Amino acid sequence: MVQVVRWYLASYHAGRKSSVAKKPYNPVLGEVFQCYWDLPQAPATSSQPLVNDGPVPWCHRDQLTFVAEQVSHHPPISAFYAEHYNKGISCQAYVWTKSKFLGLSIGVHNIGRGTVNLLKYNEQYTCSFPNGYGRSILTVPWIELGGSVVIECEKTGYRANIEFLTKPFYGGKKHRITADVFGPQEKKPFLSITGEWNGVMEAKWSDGRTEQFINVDNLTITKKIVRPVEQQKDNESRRLWKEVTAGLRLNNVSHATNAKCEIEQRQRIEAQRRKDANVSWQTKLFQLVEGTDKWLYNNPLEKRVSVNR
């Protein structure tokens, strides 16, 4: 549990910082994004077999792979899946948002769940997500996270409660977090964590020991790798939005706007055709669990490994 909490708290600082994001890329129904990472100190991939039935079938067993699909338009739901074959770790999630104006701010409530599966330990950790807030939207905008998150493992009974603290109106610091980690059926935490999710976090153990838990400034950010646009399918993100991206990079807002409108109009026409034919949209990579709002990846690592065994 401690390592899962460490991973979770270290995950948010590496958000997208590109100056290109001047116009929203609203995901469209059926849009897919695939990428992978070559992890530091990983063995040479040339000697590793391909994971042909994985989310990115041209990748090797020591590469971290990721795929996402826009599975619903109303509400706009995105589903994600990632795995590292050799480490026996997979992660999947689904999320959609509700937004509202809060005076000089915009609040985005993230609805959904994530699951981390550790095959070597036969453990599953479920987690929720913090909300996002766009502050000072009429002056110099900035973003912060806020809200409560729970991470828990049904098998072991361990759980963690995390609070993303929003900045007080007067004084106070930005991006603060507190976290408490509990053992099975325990009311007192054996580990408490405080600090900033985009900086340094300190740990205090129940026996009085203190130590630095994470310093995200010391973490190496490994860039994702995406295959060239010309090799992508029409519904893959970078190919789908390439004209919008070109317009933004050339600072041609008119071109970006027109390209975006063409994509959205095409979506409306296709939706009307399905309605006229009384045909529902069929997702490709994820399926909705009947009677719930939960989306699951069709062919996760745990399913494939159990079959191969």
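**Close-up 1. R176 of strand 10 and its partner across the sheet pairing.** In this predicted model, R176 stands opposite E196, a residue of strand 11. The two strands concerned, strand 10 and strand 11 (residues 191–196), run antiparallel and are joined by six bridges.

**Close-up 2. The pairing of strand 9 with strand 10.** Strand 9, which covers residues 159–165, runs antiparallel to strand 10, which covers residues 176–182, and seven bridges join them. Within this pairing, F164 is found opposite I177 of strand 10, so that strand 10 is joined by bridges to strand 9 and also to strand 11.

**Close-up 3. The largest cavity and the residues around it.** The count of cavities of 30 Å³ or more comes to one, and the space in the largest cavity is about 40 Å³. Its lining is made up of V51, G54, P55, V56, H60, Q63, T65, E83 and Y85. By residue type, this lining divides into four nonpolar residues, four polar residues and one charged residue.

**Close-up 4. The contact between domain 1 and domain 2.** The chain is divided into domain 1, which is assembled from residues 1–226 and 279–307, and domain 2, which spans residues 234–278. To the contact between them, domain 1 gives 18 residues and domain 2 gives 20 residues. Taken over C-alpha atoms, the centres of domain 1 and domain 2 are separated by 28 Å. About 1,800 Å² of area is buried between the two domains, and carbon and sulfur atoms give 57% of that area.

Conventions:
Residues numbered from 1 in each chain as written. Predicted model: local features only at pLDDT ≥ 70, side-chain atom pairs only at ≥ 80, totals over all residues. Heavy atoms only, no water. 1 Å grid on protein atoms, 1.4 Å probe; cavity = no way out; pocket = protein on both sides within 12 Å on 5 of 7 lines; lining within 4 Å. Points joined across faces, edges and corners; volume = space filled by probe spheres on them. Nonpolar A, V, L, I, M, F, W, Y, C, P; charged D, E, K, R; others polar. Pairing = 2+ DSSP bridges. Helix = DSSP H or I, 4+ residues; strand = E, 2+ residues; numbered from the N terminus. Domains from an automatic or database assignment. Contact = heavy atoms within 4.5 Å. Buried area = accessible area lost by both parts, 1.4 Å probe.
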